[in-house]
Amino acid sequence: MMDNVTGELPATSFERNAQAGESSGQPAYAVRASWTRSVFGMPLTLGAAGYYSRQNWVFNNHVDGWAGMTDWSVPLTKRVSLTGEFYRGRAIGGLGGGVGRSVLFSGDPNPYAQLQPVNSVGG
Amino acid sequence: MTQLKVRATNKLEFNGAFGVDNPYAANLRGFPLSPSYFPASSAAEPQRIVQLYLSRPRSDLLFSAEYRRLRTFDLDAGSPTADQMNLMMGILFDSETDSLPPMVRGGVVMCQFHRSAGGHAYGSCGARPDE
């Protein structure tokens with residue numbers, strides 16, 4: 001379980017307001033599984049992970065944020081190794097995905113404005 | 001981010017990396033306002049990092065020189081770039097020898113000098129305990 005952050009800036013620095021993740025009333029959930037074996041005396045690791053974040057934006061706009069991730073650490077020789085990760089997600093600005101944005105609005109947030117969760121991919 | 005690490009010797013290490021963060025352009029079009037009222041115009045942010053990492057000339061010292069090139073692809077606009085040069089020095093410490101709190105087993109104190117293509121320069125220092 002993780003802090004359900006969404007990446008939005010506080011509306012004010014003088015008052016503490018619950019943001020979209022906290023407003024959902026539940027934490028974010030994440031799970032990762034990996035497989036490791038020794039190659040050239042170093043660990044070769046392949047991992048896969050998932051993430052879910054329920055978010056309650058203004059005017060009861062609910063968003064289900066999620067991400068699927070994979071990561072690898074591959075020794076190529078005794079002195080050369082390759083590491084990396086890849087993700088595909090939605091509304092994961094709190095994790096830095098989507099250039100730090102979880103959702104966008106079609107106009108000033110109001111009951112009639114449309115809300116768009118930001119899909120993103122990277123690694 | 002994908003990173004290739006080459007350990008040339010026990011004290012010299014080279015790293016090269018490439019990464020991208022790409023919000024879908026289709027999501028950004030027509031939804032110009034973020035919750036914080038900042039325009040969301042960045043469609044992708046790839047970055048390339050070339051790093052020369054001098055690992056431990058002494059057992060408790062780290063030196064590193066790093067070059068980063070950041071490029072942002074704006075919607076229906078250009079793709080500005082930024083070049084960064086970072087010079088870093090780190091000092092490794094161990095709580096058993098330096099009388100630090102027992103919850104900190106060890107870590108690194110790192111000072112960084114940064115200069116960007118625009119001529120802006122700054123320096124900073126920080127500490128990172130071992131996990």
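In the hairpin formed by β1(A) and β2(A), 2 residues sit between the strands, and Phe40(A) takes a positive phi near 55 degrees. Keep in mind that this is a predicted model. The two arms of the hairpin run antiparallel and are joined by 11 bridges. To find your way along the ladder, take Ser34(A): its bridge partner in β2(A) is Gly47(A).

The hairpin strands also carry an aromatic pair. A search of the whole structure finds 1 such pair over all chains. Which rings, then, are stacked? They belong to Tyr29(A) and Tyr52(A): the ring centres are 6.5 Å apart and the planes lie at 15 degrees, so the pair counts as stacked. The pair links distant parts of the chain, with Tyr29(A) in strand β1 (residues 29-39) and Tyr52(A) in strand β2, 23 residues apart.

Now to the partner chain. In all, 37 residues of chain A are in contact with 32 residues of chain B. About 2,700 Å² is buried between the two chains, and carbon and sulfur atoms give 54% of that area. Arg79(A), Val99(A) and Leu104(A) supply 23% of the area that chain A buries against chain B, more than any other three residues.

How many salt bridges are there between chain A and chain B? The count is 0. Polar contacts, on the other hand, are present: 13 residue pairs between the chains, with both residues at pLDDT 80 or more.

Several strands of chain A give two or more residues to the side that touches chain B, and they are listed here.

| Element of chain A | Residues |
|---|---|
| β2(A) | 42-57 |
| β4(A) | 80-90 |
| β5(A) | 103-105 |
| β6(A) | 115-117 |
| β7(A) | 119-122 |

Strand β2(A), already met in the hairpin, is thus also on this list. The largest share, 8 residues, comes from β4(A). Sorted by class, the side of chain A that touches chain B has 17 nonpolar, 14 polar and 6 charged residues.

One of the listed strands also pairs across the chains. β7(A) is joined by 3 bridges to strand β3 (residues 21-23) of chain B, and the two run antiparallel. Which residue of β3(B) is the bridge partner of Ser120(A)? That partner is Pro23(B).

Taken together, chain A offers you two antiparallel pairings to look at: β1(A) with β2(A) through 11 bridges, and β7(A) with β3(B) through 3 bridges.

Notes
Residues numbered from 1 in each chain as written. Chains lettered and ligands numbered in written order. Predicted model: local features only at pLDDT ≥ 70, side-chain atom pairs only at ≥ 80, totals over all residues. Heavy atoms only, no water. Contact = heavy atoms within 4.5 Å. Buried area = accessible area lost by both parts, 1.4 Å probe. Salt bridge = Lys/Arg side-chain N within 4 Å of Asp/Glu carboxyl O. Polar contact = N/O pair within 3.5 Å; in protein donor to acceptor, adjacent residues only side chain to side chain. Helix = DSSP H or I, 4+ residues; strand = E, 2+ residues; numbered from the N terminus. Nonpolar A, V, L, I, M, F, W, Y, C, P; charged D, E, K, R; others polar. Pairing = 2+ DSSP bridges. Phe/Tyr/Trp six-rings, centres within 6.5 Å; stacked < 30°, edge-to-face > 60°.
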